[in-house]
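Open your viewer and get ready to make a few selections. We will go from the whole chain down to single pairs of side chains.

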Amino acid sequence: MNSYRTVTLACNNDVIRTCKVVIRSGKTGSICHISKGVASLLTRAHASAPRREEPPPVSDSDKRPNLRAIDLARKIRQEKQKGNATGGGSDAAVLNPSVPVSQLQKRVIELRQFTQQLQNVHPNVLAKHLHRGLILPHPELAVVNKPYGVSVQDGSSNKNNISEVLPILAKMMDGIRAGSQLHVCLGLDKETTGTLLLARTEEALDYVQNLHKNHQVERKYWVVAVGVPVPSEGVIDIPVIEREVTGAQPHFKMGLSPVYRVSDGGEGVTKVRANRQAQGAVTQYRVLDSSNGCSLVELQPITGVKHQLRVHMAYALRSPILGDHKYSHWTKLAPQKLPDGVLRRLGLEQSKARYLPLHLHARQLTLPEFKGQSDITVSCPLPKYFTSTLRRLQIPIPDE
């Protein structure tokens, strides 16, 4: 049976015409028949309709921006300047409150920033800082509290050192009096803090240096050591020599040059021939207290060899000073490797251990019977990062 229905024919959403189609019903279903005229009309309309052009495929190379070498260099320079402005990776953590930073990490970062500022500020600013740390106002001597990271002498051309600002410091101490001068009597390393002895006259300078030459100046240092020396008190008498370390990073560092070695049987020691280039080094030490795998040790050098205290602690007592990245390894230059328990106490990760400052503090200085007078003894307070480390390690500060 046939039926008729009216349908609307369209192509590309455009109506062509409305016509009738025949629908035949059979056993297998319904069949729709379109007349030849309508079919030809559809064919012509489809051929004449405008075709939509598909966009050409975009390759991965076309997606990437066409950067020139000068653009890439400018981008790297801008990123470097941005990093310097924010202080770099770990410093940015302090500036960004959303980054979790422990109190010790924050203090270490602040100390490094403060040190960099002291090295690059105007000499008058450094002189004022030293003047505020004046400990011993003596007619012929002066003792200042040396800050961390500032060289006493031989500073680079673009950084400050204490010797260069001594004329300014002398005027601050004596006003505009003519002939004011200061001289460094006993120097300290760049990373060492504490008592720095200055002479206000050349006569006092010669007198103190003569005392030091005869080992009459008593100097005591406090260090935080990684480990506990055994025995807890003693004297180290092992010469020190400068050696070249070969490898991926060739460098020079001080090392031990013992004159005795253990016999083959292990029952005694045998004296060996001393190296001519080695210098005699004697250090008296005493463990003041210890906790959590670290210790507070008092060192009294009898001699004054370069890096003597650091070498004796690291290689003779096997207890390197905390923050001593130079002598914690012999064959390489790398940050100090700290035990997991110490890292947990300090609130640090091993990757941040390289920022730890050297915990070596010139605690006390004694001049015996200075020019016929009584002994002069001066003690210097510990820096904040030093006391913070002791608190975290639960090492009490001895009362003196």
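## A tour by selection

Begin at E218: with 29% relative accessibility, E218 counts as partly exposed. Show its side chain together with that of K220, and you will find a salt bridge between the two, 3.9 Å from N to O. Please keep in mind throughout that this is a predicted model.

**Step back to the whole chain.** Colour by secondary structure, and eleven helices and 17 strands appear. The protein chain has 400 residues, and 40% of them count as buried. Turn on the surface next: the chain exposes about 24000 Å², with carbon and sulfur atoms supplying 50% of that area. If you draw contacts between residues with a separation of 6 or more, 60% of them join residues 24 or more positions apart.

**Select the largest nonpolar core.** This core has 35 residues. To find its best-connected members, select L169, L196, L198, V297, L299 and M313, which have the most contacts inside it. Which helix gives the most to this core? Highlight residues 162-174: that is helix α7, and it contributes six residues.

Now centre the view on M313. Beyond its neighbours within four places in sequence, M313 is in contact with V223, A225, P229, V297, L299, R318, S319, P320 and I321. Two of the names in that list, V297 and L299, also belong to the best-connected residues of the core.

Then move to a second, separate core of 19 residues. Among its members are L288, A353, F386 and L390.

**Look at two further salt bridges.** The count for the model comes to three, and you have already met the pair E218 and K220. Select E298 and R286 next, whose side chains meet at 3.0 Å, N to O. E298 sits in strand β15 (residues 294-301) and R286 in strand β14 (residues 282-291), so this pair, twelve residues apart, links distant parts of the chain. Is each partner buried or partly exposed? E298 is buried, at a relative accessible area of 9%, while R286 is partly exposed at 34%.

Go on to D324 and R310, which form a salt bridge of 2.7 Å, N to O. D324 lies in the loop between α9 (308-316) and α10 (340-346), and R310 is in helix α9, so the pair ties together parts that are 14 residues apart in sequence. Here both partners are buried: D324 has 0% relative accessibility, and R310 has a relative accessible area of 8%.

**Finish on helix α8.** Select residues 202-213 and check the length of this helix of twelve residues. At 1.5 Å a residue it should span 16 Å, and its end C-alpha atoms are 16 Å apart, which agrees.

Which residues of α8 are buried? Show A204, L205, V208 and L211 as sticks. They cover an arc of only 130° around the axis, so they lie on the same side of α8. An α-helix has 3.6 residues a turn, so residues three or four places apart point the same way.

Look beyond that side and you will see what the buried residues pack against: β5 (141-146), β6 (183-186), β7 (193-199) and β16 (360-367). Rotate to the face turned away from the buried side, where the exposed residues E203 and K213 are carried. For a last stop, select H215, just after α8, which takes a positive phi of about 60°.

Key:
Residues numbered from 1 in each chain as written. Predicted model: local features only at pLDDT ≥ 70, side-chain atom pairs only at ≥ 80, totals over all residues. Heavy atoms only, no water. Core = buried A, V, L, I, M, F, W, Y, C linked by side-chain atoms within 4.5 Å. Buried < 20%, exposed > 50% of the residue type's maximum accessible area, 1.4 Å probe, protein only. Helix = DSSP H or I, 4+ residues; strand = E, 2+ residues; numbered from the N terminus. Contact = heavy atoms within 4.5 Å. Areas by Shrake-Rupley, 256 points an atom, 1.4 Å probe, with all protein chains shown as cover. Salt bridge = Lys/Arg side-chain N within 4 Å of Asp/Glu carboxyl O. Expected span 1.5 Å × (residues − 1). Arc of directions from axis to C-beta.
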